[in-house]
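User: Please take a close look at the sheet and the helices that lie against it, and then follow the strands, buried charges and salt bridges elsewhere in the chain. A connected account in prose would be most useful.

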Amino acid sequence: MRSPAGWYPLARAMQRQLVAHLGPTNSGKTHAALTALMAASSGVYCGPLRLLACEIADRLNAAGVPCNLVTGQEVRLVRGARHTACTVEMADVEQRVEVAVLDEVQMIADKSRGWSWTRVLLGMPAQQLHLCGDPAAAGLLQQLAGHCADGLTVQRYKRLSPLVVEPRALEGLAGVQQGDAVVAFGRKALHKLRRNILKSSSSSSSSSSSRREDGGGGRDWRQQQQQQQQQQQHSVGMVYGALPPEARRMQAALFNAGPGAGPSYSVLVASDAIGMGLNLNIRRVVFATMHKFDGQQLRPLTPTEVKQIAGRAGRYGSDHAAGYVTCLSESDLPLLRQSLATASEEVTGACLLPRYEQLEAFARSMPAGLPFHKLLSAFADSAQLSPPYFLADMANMVALARVLQHLEAAPVALHARAAAAAAAACDEESGDEGFCSASSDEDAGSSYGCTGDAGSGAAAAAAAAGLDLEDMFTWCTAPASADDPAVLQALLAFASLFVEQQRVTPDCMALPLQTPPASQAEMKAAEELFRVYDLYLWLAGRVGHGVFRGRKQVQRQRAQVAALIDQALREMGGAAGSSTQQQYDEMLGLDPAAAAAGSSWGKRGRYSGQSNASGRSSSLSSSEDEAEVACGLR
Ligand SMILES: Nc1ncnc2c1ncn2[C@@H]1O[C@H](COP(=O)(O)OP(=O)(O)OP(=O)(O)O)[C@@H](O)[C@H]1O
């Protein structure tokens, strides 16, 4: 794990020019980097969230620069594109480009996902690599540029519009105004906040107190709610991390629409998920709390978090020339003022994750038959790194490895499946659906059954031995949080089918959602279902041998869940009108016209950019939800 700059010979053979764009939120740094990207003959944008990658791909395509989209769950190829917008884990460090942009570069120090930023920074073979982020990362970038023997230019930026701290707190939800984003943490707290804002803005309060939203409210509850909302001053949208990104985007669009004809929201209730990836027309950010539960304890927000969230008010180019920020409670104002006045803590570390080859070499030096979770722990204990590099937190990988332990191959077969995999290659050519949305027909001859539907002969041979070392590496880096029981259960079910030589099909998951969630419990279940679909699509892009079938059906079901969640939020929040399936299909690139075939990129209908230098899949956590947990935003 020493000298990681040397892991990337392609980049080391180049004399790269690094350009750091450093400044606060809303200072125009991404705009400057994107201007260089668009002017280049080829390029790649690497961002922390699918929402951001989608936004950049849309922006480039709209500007006449054909741009592919690559995320953990989807690949949209555009004919003739020489530009790609991707989530950072998916960046292809084997492909030379003229300009690359690495956004939110301070996330390099994130203990879960930061290794992906380190990989792109050290390994991207770009003539120019633009690094956008917090000025707190300046020293570290200087150091890393030195390790790569690249030149570094630093450009500093100031906020484009003023951010004003209001002299007083609201002291009650009655003070909420149009254009406010009210910030809190945790889905329960956010839904409660939405209800209370609606209640406080209602001109008829008499019937509201007896209304129940949870439990058996059903359609009746929704009708009552709609009736009451007609008399309300505010309509309230929602943005939080557990929502599907597509639903967040639609909620943001309704908030940005402002008053006028058609459905819209006057107020947004949001978690720190608004801190990245959405262009929002917020006039004022109101902190309902300055504390968040970080999985272990309730702690005050850090200055960096406060600045990232507050900075969303008064976005340059929006309806508001200045942004305002305040708190719900007067007692929180001192912490708000202090946080905004405090410089962000310096970013000093760059996260690293071992490559598959390194883990495999380590396994050979260990006693045979060591379970994968013990191997990971032993690796973490003995890995030697030199500052500023530090080893990624592999706790989630270890937890997943424990869950999958009983499916691990017998020790003797640990490395025996490479031959079977090679034999399966020709099978993949003909039978695998591939990962790219421009791929040809799917599911020809597939039965969608999840029992008794054996895969191909090669797949059978490959899976017969159980999960080998390479499989374990892939399955344990899947976007499944060990704290998410529904997703964990799905991971285990999929892996069991794989080992039993069965195909994994849409039938293996819960029935598709048909109607909008009508209670908090149903909403939570819908969010979970969306994450299970995400996991399925992630694995379908990495586990070969034709094991995962029905990918397009799952994409459709996933879009449907997002649409129904959005519809439920509209009804709850008082914005009439529902998103159509077509809107979602277009957004997800399922419209055949939107998914143009024929790019030379991914010739076999399979994108290979998710591989790290070792050629192995290496995404530690790519779900939006996890991403936000990982980067301390939720
Ligand atoms: N020179 C410019 N001309 C037109 N619009 C600009 C210019 N610079 C920035 N903007 C717009 O201002 C807004 C903020 O810019 P940008 O996203 O680049 O800021 P940022 O510093 O990267 O902030 P964040 O990290 O919050 O995204 C964007 O909507 C962007 O399009």
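Analyst: In this predicted model, helix H10 (residues 333-341) lies across three strands, S9, S13 and S16 (323-327). The direction of H10 makes an angle of about 135 degrees with that of S16.

The strands beneath this helix belong to an open sheet of six strands, ordered S9-S16-S13-S10-S12-S11, in which the pairing is parallel. Because S9 (163-165) and S11 (236-239) each have a single partner strand, they form the edges, and one side of each has no neighbour in the sheet. On average, and with direction ignored, neighbouring strands of the sheet are turned by 25 degrees against each other. Within the sheet, S10 (residues 180-183) and S13 (residues 284-287) are joined in the parallel sense by four bridges. One position can be located directly in the structure: Val182 is placed opposite Val286 of S13. A further helix, H8 (residues 245-257), also packs on this sheet, where it touches S10, S11 and S12 (267-270). The direction of H8 makes about 145 degrees with that of S11.

A second group of paired strands involves S1, S6, S7 and S8. Strands of a sheet pair through backbone hydrogen bonds, in either a parallel or an antiparallel manner. Strand S1 (residues 17-22) pairs with S7 in the parallel sense over six bridges. Two of the residue pairs that define the register are Gln17 with Gln128 of S7 and Ala20 with Leu131 of S7. Strand S1 is also joined to S8 (residues 151-156) by six bridges, again in a parallel arrangement, and here Leu22 has Arg156 as its bridge partner. Five of the six residues of S1 are buried, and the strand is therefore largely enclosed by the rest of the structure. Strand S7 (residues 126-133) is likewise mostly covered, with six of its eight residues buried. Strand S7 pairs in addition with S6 (residues 97-102), in the parallel sense and over five bridges; Val97 has Ala126 of S7 as its partner. Between S6 and S7 the chain passes through helix H4 (residues 114-123), giving a β-α-β crossover that is right-handed.

The charged residues can now be considered. Side chains of opposite charge can pair when their charged atoms come close. The model contains 22 salt bridges. One of them joins Asp393 to Lys111, with an N to O distance of 3.8 Å. Asp393 is in the loop between S18 (389-391) and H13 (395-404), and Lys111 is in the loop between S6 and H4, so this pair ties together parts that are 282 residues apart in sequence. With a relative accessible area of 32%, Asp393 is partly exposed.

Two further pairs involve buried residues. Arg299 forms a salt bridge with Glu305, and the closest N and O atoms are 2.9 Å apart; both Arg299 and Glu305 are buried. Arg531 forms a salt bridge with Asp484, the closest N and O atoms being 2.6 Å apart. This second pair links distant parts of the chain: Arg531 belongs to helix H18 (residues 520-540), whereas Asp484 lies in the loop between H16 (469-476) and H17 (485-499), 47 residues apart. Arg531 and Asp484 are both buried. Elsewhere, salt bridges with shared partners join Arg50, Glu74, Glu246, Asp534 and Arg558 into one network.

Glu55 presents another case. This residue lies in helix H3 (residues 50-62) and is buried without a salt bridge. Its nearest side chain of opposite charge is that of Arg59, at 4.2 Å, whereas the salt-bridge criterion requires a nitrogen within 4 Å of a carboxyl oxygen. When residues up to four places away in sequence are not counted, Glu55 touches Arg249, Gly277 and Asn279.

Finally, Arg551 lies in helix H19 (residues 551-573). The relative accessible area of Arg551 is 1%, so this residue counts as buried. Its C-alpha atom is separated by 8.2 Å from that of Tyr536, which is 15 residues away along the chain.

Definitions and conventions. Residues numbered from 1 in each chain as written. Predicted model: local features only at pLDDT ≥ 70, side-chain atom pairs only at ≥ 80, totals over all residues. Heavy atoms only, no water. Buried < 20%, exposed > 50% of the residue type's maximum accessible area, 1.4 Å probe, protein only. Pairing = 2+ DSSP bridges. Right-handed = clockwise from strand over helix to strand, strands pointing away. Axes fitted to C-alpha atoms, helices over the stretch in contact; angles between N-to-C directions. Contact = heavy atoms within 4.5 Å. Lys, Arg positive; Asp, Glu negative; His and termini not counted.
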